[in-house]
Amino acid sequence: MENLLNPVIVAVLLLCVLCLLKVNVLLSMLVSLFVAGLIGGLPLVSSGDEVSIMSSVIAGFSGNAETALAYVLLGTFASAMAYTGITEILSKKIARAVGGNKWILIGILLVIACASQNIIPIHIAYIPILVPPLLAMMNKMKLDRRGVACTIAFGHKAPYIAVPMGFGLIFMGIIRDNINDNAKDFGWKVSVGDITAVNWILAVAMLIGLAIALFVTYRKPREYKDVQLEGVTETEDLTLKYQHWVTLAAIVVVVALQIKFGSLPVAALGGLLVMFIFQAVKPKDIDEQFQGGIKLMGFIAFVMLVAGGFATVLKNTGAVNDLVTSAISLMGGNKWIAATIITLIGLLVTMGIGTSFGTVPVLAVLYVPLCHQMGFSPAATIVLMSAAAALGDAGSPASDTTLGPTSGLNADGQHDHIWDTCVPTFLHFNIPLMIAAIVAAQFL
């Protein structure tokens with residue numbers, strides 16, 4: 001009974017319950033961390049040098065501050081790209097180039113989805129602009145949109161798990177920092193290279209899931225009604241104009257700066273400056289683009305900041321060691337059981353929050369010392385952490401990985417968010433991810 005009142009357990013369970021009840025994620029995290037802090041004996045505010053809930057939250061912000069800034073700047077860059085109209089031109093050029101071959105269309109969407117995470121890190125901002133004009137063509141092909149949803153979701157998820165560029169660099173940086181921060185007592189030190197060396201296993205598992213979705217589960221034709229979408233026409237001029245060429249130059253700058261400095265905030269800022277200085281975005285509209293960027297990615301940025309505070313509060317209660325000791329005794333030293341429980345906890349937590357990036361600091365507090373005590377290597381811990389964090393992206397109704405495809409595929413009201421996006425992505429990605437992580441952890 002005492003373990004059930006452990007601040008870590010109370011915080012995680014309360015967080016999951018509130019999220020599943022569709023309480024705002026940010027509010028759920030704040031309520032959970034305050035409850036955990038009070039149970040752990042921390043005062044609300046400091047009197048002098050005393051550690052308190054509020055001081056812990058503020059201290060935790062710094063760990064994810066760069067990531068939060070990157071999100072806001074990349075959201076602004078995506079908003080500015082949409083402003084120039086280049087994404088709409090791209091969608092119509094794709095429609096003309098595909099020539100009725102569904103596999104070419106799926107391949108193009110897969111490449112674009114992957115590029116949106118690593119090469120041109122604009123996340124899901126392109127989907128509502130790029131995908132709706134393609135729906136009429138998909139209808140003629142009788143293409144099952146559930147397979148398309150899986151394709152786009154794969155492109156949003158597998159690249160950041162396995163490739164250290166763009167959002168992949170952010171994700172791996174968060175995994176690295178949180179493992180190192182929580183492993184100081186036993187001397188583990190991992191790098192982005194260490195993460196890249198093992199996370200390909202998870203990407204391959206997802207690729208197998210995508211192949212099953214496209215070639216088995218959703219291969220049969222599916223009928224959809226033709227619905228004329230407002231604002232989608234076939235006769236618009238597709239010629240690249242000045243603002244489009246500037247936007248392409250800005251994309252090159254973003255990629256170059258990212259490779260040169262390994263910093264997404266620097267890369268995104270460089271791309272924005274190119275667009276602003278050369279007036280692909282008019283000076284009077286710059287404020288509007290920043291507002292659009294904050295609207296697109298600002299909430300996720302704040303979730304990241306509060307997640308860092310959440311983890312710091314749990315650490316400062318001192319309850320993690322007690323929980324690790326109890327968990328080890330329950331697992332009986334069995335690594336298979338331990339790996340299974342770790343991935344299931346990750347599934348529960350991340351499904352509730354709906355963001356893999358935001359849950360890493362929450363999970364690391366418990367996972368890193370637990371993995372160490374169970375005898376897992378740093379490489380095995382990386383795989384378990386990465387898989388557990390990524391599980392909530394596919395299948396969660398609140399995840400960008402599922403909300404993104406639905407925003408485009410449901411433009412004509414014929415694609416259900418839960419049954420046509422969440423359930424297919426959960427079945428085809430989360431199950432392979434769990435199996436791969438559990439098995440790989442035994443041999444790394």
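Is isoleucine 212 buried, partly exposed or exposed? At 40% relative accessibility, isoleucine 212 counts as partly exposed. The notes below concern a predicted model, and they return to this residue under point 4.

1. Overall make-up. The protein chain folds into 20 helices and zero strands. Of its 444 residues, 57% count as buried. The chain exposes about 18200 Å², and carbon and sulfur atoms supply 66% of that area. Contacts reach far along the sequence: among those between residues at least 6 apart, 80% join residues at least 24 apart.

2. The nonpolar cores. The largest nonpolar core has 115 residues. Phe77, Leu105, Met138, Phe357 and Phe376 have the most contacts inside this core. Helix H11 gives the most to it, with eleven residues. Apart from this core lies another, of 21 residues, which includes Ile53, Val57, Val303 and Val306.

3. Phenylalanine 357. Leaving out residues up to four places away in sequence, phenylalanine 357 touches Tyr71, Tyr160, Phe167, Ile170, Phe171, Ile174 and Met304. Phe357 is also among the residues with the most contacts inside the largest core.

4. A nonpolar patch on the surface. Trp103, Trp200, Val204, Ile208, Ile212, Phe215 and Val216 form this patch, with about 690 Å² of accessible area together. Helix H11 supplies the largest share, six residues. Isoleucine 212 is found in helix H11. Isoleucine 212 can belong to the patch because membership asks for over 30% relative accessible area, and its value is 40%. Helix H11 therefore serves two settings in this model: it gives eleven residues to the largest core, under a definition that takes buried residues, and six to the surface patch. A general point about helices helps in reading such a case: an α-helix has 3.6 residues a turn, so residues three or four places apart point the same way.

5. Helix H4. This helix covers residues 65-84. How far apart should its ends be at 1.5 Å a residue? The 20 residues should span 28 Å, and the end C-alpha atoms are 29 Å apart, which agrees. Helix H4 is mostly covered, with 14 of its 20 residues buried. Glycine 85 follows the helix and has a positive phi, near 85°.

6. Salt bridges, and one that links distant parts. The structure holds seven salt bridges. In one of them, the side chains of lysine 142 and glutamate 223 meet at 2.9 Å, N to O. This pair links distant parts of the chain, with the two positions 81 residues apart in numbering. Lysine 142 sits in the loop between helix H8 (135-141) and helix H9 (145-162), while glutamate 223 sits in the loop between helix H11 (192-217) and helix H12 (242-261). Lysine 142 is partly exposed, at 36% relative accessible area, whereas glutamate 223 is exposed, at 58%. In general, side chains of opposite charge can pair when their charged atoms come close.

7. Salt bridges between sequence neighbours, and a network. Arginine 176 and aspartate 177 form a salt bridge at 2.9 Å, N to O. Arginine 176 is partly exposed, at 29% relative accessible area, and aspartate 177 is partly exposed as well, at 31%. Lysine 284 pairs with aspartate 285, the closest N and O atoms being 3.4 Å apart. Here the partners fall into separate classes: lysine 284 is exposed, at 70% relative accessibility, but aspartate 285 is buried, at 11%. Salt bridges that share partners also join Asp144, Arg146, Arg222 and Asp420 into one network.

8. Two loop residues. Is serine 52 buried or exposed? Serine 52 is buried, with a relative accessible area of 1%. This residue is found in the loop between helix H2 (25-39) and helix H3 (53-61). Leaving aside neighbours within four places in sequence, serine 52 is in contact with Pro43, Leu44, Val45 and Ser46. Glycine 413 lies in another loop, between helix H19 (400-409) and helix H20 (417-441). Glycine 413 counts as exposed, at 58% relative accessibility. Glycine 413 and valine 227 are 186 residues apart in sequence and 8.9 Å apart in space, C-alpha to C-alpha.

Key: Residues numbered from 1 in each chain as written. Heavy atoms only, no water. Salt bridge = Lys/Arg side-chain N within 4 Å of Asp/Glu carboxyl O. Helix = DSSP H or I, 4+ residues; strand = E, 2+ residues; numbered from the N terminus. Buried < 20%, exposed > 50% of the residue type's maximum accessible area, 1.4 Å probe, protein only. Contact = heavy atoms within 4.5 Å. Core = buried A, V, L, I, M, F, W, Y, C linked by side-chain atoms within 4.5 Å. Areas by Shrake-Rupley, 256 points an atom, 1.4 Å probe, with all protein chains shown as cover. Expected span 1.5 Å × (residues − 1). Patch = residues over 30% accessible without salt bridge, like charges linked within 9 Å, V, L, I, M, F, W, Y side chains within 5 Å.
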